[in-house]
Amino acid sequence: MLIDWRSDLARDGHRVFISGLPIAMHCHHYNINLHKTLEDTLREGGVQLLYKAAEEASFIGFQSFLNQYDRIKTIKSKLELAATIYQNCGLGIIHFKKVGPHGGEIVSLSSHHVTGWLAKHGRRKTPGCHFARGWIAGVMAVIYDRQLGYYTVEEQACKMMRSNECIFRVMEN
Amino acid sequence: MAIDGIKIIHAVMEGSLIRDRKGIIPLFGVYLSLFFVQYYNRLSFDFEKKMGKGREDEAEALLIEAAQECGYATFHGIRNSWEWDEIVGPMIENKEDQILGFTAVAVAFGWGDLEVKELIAKEKLVIQVSDSYEATGYIKRHGSANSGKCYMLRGVAGAFMDLLYGDDYPDGLFAFSAEEPLCRVKGDPYCEFIAQRSSY
């Protein structure tokens, strides 16, 4: 086990923290309602906001994790840690299949946002994992010691469109 | 029996450690995620900013509506879950106790230190929060404001009343609506939410 999740997920009265940073528990109804409200109202601006907000939060959050677990030094173990955190946060399953400092391919077989979107709205016509794209961009920048915004992540296949898996392509900007 | 918030917090913390084989946390009848409040605050407050001047009211209404719909579906699911039956159900003595159960779950979720100050059956709910993550996040990132910024909690306060005194689910949504007359972003000592029957 790379981490001690029971101590990473901590409470101080009404406040909840992961790795010392405040978190909230929200269900798929809220996450998907926010997603749809932003996308329907601002179109591409809303998509960008979902991506950038997830990227920034995962960048800061993952940095905090690595500061805490300073024995985790190799790229392989950092990628493993990222996938573990994603799963522990109830966000889904993610596989860093072929990644390196210049980018790569990441596959997700299931996720909170896919399950939530399909439960509430059914099949989409366009890829919809904006949160996951931003989350990946943030952790990749930390893992390869790059600044926030260094990577761009595109979704090439999406389970919200009834593909078998979500496939993300990571590229340098 | 009074609502035991500590017991509910314990159940949520333990339940949030359990994930299914898809990496999803099914708890209290919903799929739960754990993520940094910074993300949620940026979505709300940057959305408001991106809507631009003159559309602040529209942005506010959309965010509150999204939260109220969510709160209505979420707490309907929670109220009908086996966890509710097993953990909260035995603490419920009358209909109004459900609101105390809902707020205890919201506290457990890390939304703030919600405290029910007044509840008049079918009419009015007053909730005070001295540490809402929305107000804390707004102050940290943007400083003060002239109007309340706790859109999620405002929607949720309305949803609590919808579930108790609105028509049967799913027809009771928006029977109530909440105002936030006091908010820490305006310099008030706490945020206050007052839910009453909708005027429309």
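# How the labels are earned

Me: Which residue is the bridge partner of Ile18(A) in β3(A)?
Reply: Leu21(A). This is a predicted model, so read that pairing as a computed one.

Me: What makes β2(A) and β3(A) a pair of strands?
Reply: Two strands pair if there are at least two bridges between them. β2(A) and β3(A) have three bridges, in the antiparallel sense. Therefore they count as paired. They also form a hairpin, with two residues between them. Ser19(A) in that turn has a positive phi of about 50 degrees.

Me: How do you know that β1(A) and β2(A) pair?
Reply: The cut-off is at least two bridges. Strand β1 (residues 9-12) of chain A and β2(A) share four, antiparallel, so they pass. Arg11(A) stands opposite Val16(A). This too is a hairpin with two residues between the strands, and Gly13(A) in its turn has a positive phi of about 65 degrees.

Me: Why are Val16(A) and Ile18(A) called buried?
Reply: Because a buried residue has 20 or more other C-beta atoms within 10 Å of its own. Val16(A) and Ile18(A) are buried and point to one face of β2 (residues 15-18) of chain A. Arg15(A) and Phe17(A) point to the other face and are not buried.

Me: What joins β3(A) to chain B?
Reply: Five bridges join strand β3 (residues 21-27) of chain A to β2(B). The requirement is at least two, so this is strand pairing between chains. The strands run antiparallel. Leu32(B) is the bridge partner of Cys27(A).

Me: How many residues of each chain are in contact with the other?
Reply: 39 residues of chain B are in contact with 42 residues of chain A. On chain B, β2 (30-36), α2 (37-51) and α3 (56-79) each supply at least two residues of that side. The largest share, nine residues, comes from α2(B). By class, the side has 24 nonpolar, seven polar and eight charged residues.

Me: What makes β3 and β5 of chain B edge strands?
Reply: Each pairs on one side only. The sheet is open, with four antiparallel strands in the order β3-β4-β6-β5. Its twist averages 20 degrees from one strand to the next.

Me: What packs on that sheet?
Reply: Helix α5 (residues 97-108) of chain B, touching β3 and β4 (124-129) of chain B. The direction of α5(B) makes about 160 degrees with that of β3(B).

Me: How do you know that β5(B) and β6(B) pair?
Reply: Five bridges join β5(B) to strand β6 (residues 191-197) of chain B, running antiparallel. At least two are needed, so the pair qualifies. Ala178(B) stands opposite Ala195(B).

Me: Why does the radius of gyration of chain B agree with a compact globule?
Reply: Because 200 residues in a compact globule would give a value near 16 Å, and chain B has 17 Å. The C-alpha trace spans about 50 × 40 × 30 Å along its principal axes. Buried residues make up 52% of chain B.

Me: How many helices and strands are in chain B?
Reply: Seven helices and six strands. Along the sequence the pattern is α-β-β-α-α-α-α-β-β-α-α-β-β.

Me: What confidence does the model have?
Reply: Mean pLDDT for chain B is 95, and 99% of its residues reach 70 or more. The model scores ipTM 0.97 and pTM 0.96.

Terms used: Residues are numbered from 1 along each chain as its sequence is written. Chains are lettered from A and ligands numbered from 1 in the order in which they are written. This is a predicted model: local features need pLDDT of at least 70, side-chain atom pairs count only at pLDDT 80 or more; totals for chains, interfaces and linings use all residues. Two residues are in contact if their C-beta atoms, placed from the backbone, lie within 7 Å. Ala, Val, Leu, Ile, Met, Phe, Trp, Tyr, Cys and Pro count as nonpolar, Asp, Glu, Lys and Arg as charged, and the others, Gly among them, as polar. Axes are lines fitted to C-alpha atoms, for helices over the stretch in contact, and angles run from 0 to 180 degrees between N-to-C directions. pLDDT is the predictor's confidence in each residue, from 0 to 100. The radius of gyration is taken over C-alpha atoms; the globule rule is 2.2 Å times the number of residues to the power 0.38. A residue is buried if 20 or more other C-beta atoms lie within 10 Å of its own, exposed if 12 or fewer, and partly exposed in between; C-beta atoms are placed from the backbone.
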